[in-house]
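User: Hey, I've just opened this one and I'm new to it. Can you walk me through some side-chain contacts?

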Amino acid sequence: MEDETAESRNKARLAIMELANMISVPMSLNAVVHLNVPNAIWQGGANTPLSAVQTLSRVLPSGGGDPENLQRILRMLTSCVVFTEHLDSSDSPERKYSLTDIGKTLVTDPDGLSYAPYVLQHHQDALMRAWPLVHEAVLNPTSEPFVKANGEPAYSYYGKKPEMNGLMQKAMSGLSVPFMRAILNSYDGFKEVKKLVDVGGSAGDCLRMILQKHPHVSEGINFDLPEVVAKAPNIPGVSHVGGDMFESIPAGDAIFMRVSLIFLNNLHIEN
């Protein structure tokens, strides 16, 4: 072990303290989404720097709340480049905050979408109960932390909780639509496709956008778990089909799948 007074050891201790306290970042992010702070600052595109007091007055028009605690959260997220902090030049400078490009992803767009539901989705109680049990997946890999914490696998659990399932769909729409806009602006691989299957398509947003951009795609099949597609909206030209992709997938000219494999274990992927 090197000298405990060495600069490298001091930096290492500071680094491990930062890692140990890193939960404060997602929890602060969760807090500003719950409080609707990004939309309060954005105000239709103004993004005018606001103090914690001014922000709170927009979040709670009837009054109340603690601006000092809000400011602590805003300063925390400023260090993560979610907000920009502005200081005036007076003797008693007031801190004000505007949204960075990262912060703007939490603003609700004209279609009612943002990354805010994605933030909330990742911090629901059922998921938070599972995180402290991650080490048990090493000790006993036959049972997932989520199952140990909640008594059943995540997808079946979500299927019984309409509010969780609804939030998941909003989160997936918020992710999928910007992603799909970028794909459609540069990808031309749908030219020969007439029947397209989207595996894990959630509410069907991607198929809706593809069919609008490429009207020659005459049929879209939105394939996801039964409890997911049961809540999917009607989309012209799209059929919502429930099932398990590890058992079978509907036939089509092409199959479209996004990021699904990152959530699966090696056995599932190999199969």
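Analyst: Sure, we can go through aromatic pairs and then salt bridges. Keep in mind that this is a predicted model.

User: Okay, how many aromatic pairs are there?

Analyst: The count comes to four aromatic pairs. One of them joins Tyr115 and Tyr118, edge-to-face, with 6.4 Å centre to centre and 65 degrees between the planes.

User: Why does that one count as edge-to-face?

Analyst: Edge-to-face needs planes over 60 degrees apart, and the planes of Tyr115 and Tyr118 are at 65 degrees.

User: And is Tyr115 buried or exposed?

Analyst: In between: Tyr115 is partly exposed, at 31% relative accessible area. Tyr118 is partly exposed as well, with 29%.

User: Got another pair?

Analyst: Phe146 and Tyr157 also pair edge-to-face, 5.5 Å centre to centre with 80 degrees between the planes. This pair links distant parts of the chain, with Phe146 in helix α10 (residues 145–150) and Tyr157 in helix α11 (residues 154–159), eleven residues apart.

User: Is Phe146 buried or exposed?

Analyst: Phe146 is buried, at 7% relative accessibility. Tyr157 counts as buried too, at 11%.

User: Which rings form a cluster?

Analyst: Tyr187, Phe190 and Phe256 do, linked by ring pairs.

User: Switching topic: how many salt bridges?

Analyst: There are nine salt bridges. Among them, Arg95 and Glu85 meet at 3.0 Å, N to O. Arg95 sits in strand β2 (residues 95–99) and Glu85 in strand β1 (residues 83–87), ten residues apart, so this pair links distant parts of the chain.

User: Do those two have company? Which residues share a network with them?

Analyst: Arg75 joins Glu85 and Arg95 in a network of salt bridges. As for the surface, Arg95 is partly exposed at 24%, and Glu85 is partly exposed at 25%.

User: Where does Lys148 fit in?

Analyst: The side chain of Lys148 meets Glu136 in a salt bridge, 3.1 Å from N to O. Lys148 is in helix α10 and Glu136 in helix α9 (residues 136–139), twelve residues apart. Lys148 is partly exposed, at 31%, and Glu136 is partly exposed, at 25%.

User: Last one: what about Asp205 and Arg208?

Analyst: Their side chains form a salt bridge at 3.1 Å, N to O. Asp205 and Arg208 are three residues apart in helix α13 (residues 205–213), so about one helical turn separates them. Asp205 is buried, at 13% relative accessibility, whereas Arg208 is partly exposed, at 28%.

How values were computed: Residues are numbered from 1 along each chain as its sequence is written. This is a predicted model: local features need pLDDT of at least 70, side-chain atom pairs count only at pLDDT 80 or more; totals for chains, interfaces and linings use all residues. Side-chain values use heavy atoms; hydrogens and water are left out. Rings of Phe, Tyr and Trp (its six-membered ring) pair if their centres lie within 6.5 Å; planes under 30 degrees apart count as stacked, over 60 as edge-to-face and the rest as tilted. Buried means under 20% relative accessible area, exposed over 50%, partly exposed in between (1.4 Å probe, protein chains only). Helices (H or I, at least four residues) and strands (E, at least two) are DSSP runs, numbered from the N terminus. A salt bridge is a side-chain nitrogen of Lys or Arg within 4 Å of a carboxyl oxygen of Asp or Glu.
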